[in-house]
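Subject: Handover of a structure

Hello,

Here is the structure I said I would pass on. My notes on what was found in it follow below.

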Amino acid sequence: MKNYLLTIGIDDYKHQSKLFNCVKDVRDFSDILIDSYGFESEDSIELINSNATSRKIQDTIVDFSEKLESNDSFIIFFSGHGYFN
C-alpha cells in the first residue's frame, strides 16, 4: 500500500483577486501528511501558482492514476478560488 498526494495552491491569479494563504495551506497540509501519516515526499507533487495550469493538473492526475493499485490512497488537496456551477 502506498500513499500518494497532489497538492494545488494558487495565490496569484490573472483575472481574479489575489489570495494570501493558499500556498501556505497546501504546504502545511503536505507537511502534516508526510510528518505524521506515512506519506512520502517522493510520492507527493505540489503544483503552485503559475505551475498549476489546467493541463499540468490533468496530466499529473493521469500520471498518478497509472500508478495506483487497489489498496493505495490518493489525496488531492486544492486551495484557491472556486466557482459554483
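A polar contact here is a pair of N or O atoms within 3.5 Å, where one must be able to donate a hydrogen and the other to accept it. By that rule the side chain of aspartate 43 makes a polar contact with the side chain of lysine 2, at 3.5 Å. I return to this pair after the overall layout. Please keep in mind throughout that this is a predicted model.

Overall layout

The protein has two helices and three strands. Along the sequence they follow the pattern β-α-β-α-β. Taken along the principal axes, the C-alpha atoms fill a box of roughly 40 × 25 × 25 Å. The protein has 85 residues, and 32% of them count as buried. Among contacts with a separation of 6 or more, 71% come from residues 24 or more positions apart.

Strand E1

Strand E1 covers residues 3-9, and seven of its seven residues are buried, so the strand is largely enclosed by the rest of the structure. Both faces are covered. On one side the buried residues are Asn3, Leu5, Thr7 and Gly9, and on the other they are Tyr4, Leu6 and Ile8.

E1 pairs with two strands. With strand E3 (residues 73-79) the pairing is parallel and runs over seven bridges. Tyrosine 4 stands opposite phenylalanine 74 of E3. With strand E2 (residues 44-48) E1 is also parallel, and five bridges join them. In that pairing leucine 5 stands opposite serine 44. To get from E1 to E2 the chain passes through helix H1 (residues 22-36), and this β-α-β crossover is right-handed.

Aspartate 43 and lysine 2

The count of salt bridges comes to five. One of them joins aspartate 43 to lysine 2, with the closest N and O atoms 3.5 Å apart. Aspartate 43 sits in the loop between H1 and E2, while lysine 2 belongs to the segment before E1, so the pair ties together parts that are 41 residues apart in sequence.

Is each partner buried or exposed? Aspartate 43 has a relative accessible area of 9%, which makes it buried because the cut-off for that is under 20%. Lysine 2, at 38%, counts as partly exposed. Leaving out residues up to four places away in sequence, aspartate 43 touches Lys2, Asn3, Tyr4, Leu5 and Phe64.

Two salt bridges within helices

Among the five salt bridges there is also one between lysine 24 and aspartate 28, whose closest N and O atoms are 2.5 Å apart. These two residues are four apart in helix H1, so about one helical turn separates them. Lysine 24 is partly exposed at 48% relative accessible area, and aspartate 28 is partly exposed at 32%.

In helix H2, the side chains of arginine 55 and aspartate 59 meet in a salt bridge at 2.9 Å, N to O. They too are four residues apart in their helix, so about one helical turn lies between them. Arginine 55 is exposed, with a relative accessible area of 53%, whereas aspartate 59 counts as partly exposed at 32%.

Aspartate 72

Aspartate 72 is found in the loop between helix H2 (54-67) and E3. Which side chain of opposite charge is nearest to this buried residue? That side chain is lysine 2, at 7.6 Å, and aspartate 72 has no salt bridge. A salt bridge requires a side-chain nitrogen of Lys or Arg within 4 Å of a carboxyl oxygen of Asp or Glu, so the 7.6 Å distance does not qualify.

The side chain of aspartate 72 does have backbone partners. A polar atom of this side chain lies 2.8 Å from the backbone nitrogen of lysine 2. The side chain also reaches the backbone nitrogen of glutamate 69, again at 2.8 Å. With residues up to four places away in sequence left out, aspartate 72 touches Met1, Lys2, Tyr4 and Lys67.

Lysine 2 therefore appears twice in these notes: in a salt bridge with aspartate 43, and through its backbone nitrogen beside the side chain of aspartate 72.

Regards

Conventions:
Residues numbered from 1 in each chain as written. Predicted model: local features only at pLDDT ≥ 70, side-chain atom pairs only at ≥ 80, totals over all residues. Heavy atoms only, no water. Buried < 20%, exposed > 50% of the residue type's maximum accessible area, 1.4 Å probe, protein only. Pairing = 2+ DSSP bridges. Right-handed = clockwise from strand over helix to strand, strands pointing away. Lys, Arg positive; Asp, Glu negative; His and termini not counted. Contact = heavy atoms within 4.5 Å.
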